[in-house]
Amino acid sequence: MSHPHVVHGGPAGPAADHTLEVLELTVGYGERTVISGLDLIVPPGRITAIVGPNACGKSTLLRSMSRLLGPRAGRVLLDGRAIHKMPAKEVARTLGLLPQSPVAPEGITVADLVGRGRHPHQGVLSRWSHADDVAVAEALLATDTTALAERPVDELSGGQRQRVWIAMALAQQTDLLLLDEPTTFLDVSHQVEVLDLLTDLNHARGTTVVMVLHDLNLAARYADHLIALTEGRLHAAGSPAEVLTEDAVRTVFGLESRVITDPTCGKPLMLPIGRHHSAPAVRTA
Amino acid sequence: MTGPGASTTPAALPTRAEEPDGYGAVPLETVVAVARGRVRRTARRRVVLVVLALLVLAVFATSLVVGRTVYPPLDVLRVVLGEDVQGASFTVGRLRLPRAVLAVVVGLSFGLGGVTFQTMLRNPLASPDVIGISSGASAAAAFAIVVLGLSGPSVSLVAIVAALAVALLVYGLAFRGGVAGTRLILVGIGIAAMLESVTAYVLSRAAEWDLQEAVRWLAGSLNGTDWSEVLPATAALVVCGAVLLSRTRALGALQLGDDTAAALGVRVEPTRILLIVAAVGLIAFATAAAGPIAFVAFLAGPIAARVVGTNGSLLLPAGLVGALLVLVADLCGQFLLGTRYPVGVVTGVLGAPYLIYLIVRTNRAGGSL
């Protein structure tokens, strides 16, 4: 798999030569325009996090970047080709998406659910192949869910379930993985666990990860590249240090804050200032 | 807690860097374990399918042998093979055989059509006999026969057009920027009630008012089945059944939600339309032949899920369960209860408690259907 549009590889693995670009994209539902005239480039082989307030168009952007939602104007280019004109299965072999609330059928086992990720690699009449088994095994291993393989998904904890869904997306064997709020409804340790897992994938295989995240600090910590959206427009894109600033938090979220350097990893750390708990020194600053 | 730069990689994580095909780093025992689990699940599924098929065959044979006169199985076999047997040729060949064949055909059709809707809309209440599609086919067929004086394939045609129109109407009324299951089911139940009263009205206006006919279009019946009714339903089963079975995997992906399915490379809207048309075709042709046999479409899927488990597609098991339900209910209706009840009355008695159970259960679970 070699493609001409290699922007930059960085320290990541060898598989990251797919490109994803958004050009003057305008999308919406019905009469409502959610995103207008948005441009961005997803750095290949890196982890990108999309942040912004509620209803700023984060999920909509992710859905149009993965061919689920057609553009009103503009284009999304996967390896330089307009994604909405590519066959669905071809896209699904390169780019995977884990939606915010996928539905697990009642009683389905983990192995069967993960196996459904093989859909884009299977024909209408083709039989289950050895490659399918290998891909499922690989996905279970990577997400540390091998021991759960025969268990029904409904019996798992929230953190386990999220790992299983990620395993399903991995069984799809795509080099690009898009995730819509993969940490929602998880407690903090499971949030970190899921983000560590995605980082492992990125480091080991060079999978390009794009995720919508609610938590600014986790986004700044785990992402190589941050994209801040506000009201369907791009506010800023770049490294966490460039994007996560006190000014940006004020403009994008309408929130006063202090941004300090995270002592554990050197990334920016945002401390919100509410109306009640700020020290006088901060209040006057 | 570690940052991306210092993340620890689990030892088992396979890397594509080591092997160009990306598979080399997966330990063989994990692959073998995955394959074994899959083989075990498919093996169980196969056993259940074979048992179901044998049961269908057994009840089918019984319904040919048993009746007011019981014929020796050998005579029955000879009739089925086309030989002329004194006495048995008429009773078995002309009365019992078409009836039993139609029972299997409509049972398969209702089972396949019902489970397709239930799976696609992810709700056991969303079966075509609950949301008005069977009632539409039935009302149209009754109208075509009683008022328009049609017969044969033209009745099936009217039924399928009406059933598609009802499907479209329910979908349209329930659509508000996406179809929510609950709204679709409630709209469908309302439409079904209206259409059932249309059927009753048409029948009451009929000059040749005939209880047999009324029962067929209100509850479903196999009484007086003729080969001319069996043929169109069988043709529809072959065509639409093949279409549905060929979309098994896409249906499995749709079960995970529309977005997940689309992300897996399923063209959601075209696939859904194809599935709806095929399932409605099955329901309409079966209904035109035997009436809306109550609750078979509704019951077959959940029963099949109980016996095969939820892994793998429910299409084939639900079809077989549907056939078994119709065959057994028809036998019971004819011989077990003293009076000859039409098949739909028996399946109705079976289905109603399950409908109540589902509604009570979802009510307890928090009110959403």
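This report describes the sheets, helices, chain contact and confidence scores of a two-chain model.

The structure is a predicted model, in which local features need pLDDT of at least 70 and side-chain atom pairs count only at pLDDT 80 or more, while totals for chains, interfaces and linings use all residues. Residues are numbered from 1 along each chain as its sequence is written, and chains are lettered from A and ligands numbered from 1 in the order in which they are written.

**Confidence**

The model has an ipTM of 0.86 and a pTM of 0.85. For chain B the average pLDDT (the predictor's confidence in each residue, from 0 to 100) is 84, and 88% of the residues score at least 70. Among the elements of chain B (helices, H or I, of at least four residues and strands, E, of at least two, taken as DSSP runs and numbered from the N terminus), helix H8 has the highest mean pLDDT, 94, and helix H7 (residues 211-219) the lowest, 74. Over residues 1-24 of chain B, pLDDT stays under 50, and the model has 46 contacts beyond four places in sequence for this stretch. Two residues are in contact if their C-beta atoms, placed from the backbone, lie within 7 Å.

**The sheets of chain A**

One open sheet of chain A has 4 strands in the order E2-E1-E4-E5, with antiparallel pairing. Strands pair if DSSP finds at least two bridges between them. The edges of this sheet are E2(A) and strand E5 (81-82) of chain A, each pairing on one side only. Helix H1 (residues 58-65) of chain A packs on the sheet and touches E1, E2 and E4 of chain A; the direction of the helix makes about 120 degrees with that of E1(A). Angles run from 0 to 180 degrees between N-to-C directions, and axes are lines fitted to C-alpha atoms, for helices over the stretch in contact.

E1(A) and E2(A) form a hairpin with 2 residues between them, and Gly30(A) in the turn has a positive phi of about 55 degrees. Within this pair, Glu21(A) has Ile41(A) in E2(A) as its bridge partner. On the pairing of E1(A) with E4(A), Thr26(A) stands opposite Ala73(A).

A second open sheet of chain A has 6 strands with mixed pairing, in the order E6-E7-E8-E3-E9-E10. Strand E6 (95-98) and strand E10 (233-238) of chain A are the edge strands. The twist averages 15 degrees from one strand to the next. Thr230(A) stands opposite Arg233(A) in E10(A).

The table lists antiparallel strand pairs in chain A.

| First strand | Second strand | Bridges |
|---|---|---|
| E1(A), residues 20-29 | E2(A), residues 32-42 | 7 bridges |
| E1(A) | E4(A), residues 73-78 | 5 bridges |
| E9(A), residues 225-230 | E10(A) | 5 bridges |

**Loop residues with positive phi**

Most residues other than glycine have a negative phi. Ala55(A) has a positive phi, near 60 degrees, and lies in the loop between strand E3 (47-51) and H1 of chain A. Ala55(A) counts as exposed because 11 other C-beta atoms lie within 10 Å. Asp144(A) also has a positive phi, near 55 degrees, and its place is in the loop between H4 and helix H5 (158-171) of chain A. Asp144(A) is partly exposed, with 17 other C-beta atoms within 10 Å. By these terms a residue is buried with 20 or more other C-beta atoms within 10 Å of its own, exposed with 12 or fewer, and partly exposed in between, the C-beta atoms being placed from the backbone.

**The contact between the chains**

The contact takes 56 residues from chain A and 41 residues from chain B. Elements giving two or more residues to the chain A side include helix H2 (88-94), helix H6 (188-205) and helix H7 (216-222) of chain A. H4(A) gives the most to that side, with 8 residues. By class, the chain A side has 28 nonpolar, 14 polar and 14 charged residues. Here Ala, Val, Leu, Ile, Met, Phe, Trp, Tyr, Cys and Pro count as nonpolar, Asp, Glu, Lys and Arg as charged, and the others, Gly among them, as polar.

**A helix pair in chain B**

Helix H3 (residues 88-120) and helix H8 (residues 227-246) of chain B pack at an angle of about 30 degrees, with their axes 9 Å apart. The contact includes Val105(B) and Leu112(B) of H3(B) and Ala233(B) and Leu237(B) of H8(B). By class, this contact of H3(B) with H8(B) has 12 nonpolar, 4 polar and 1 charged residues.
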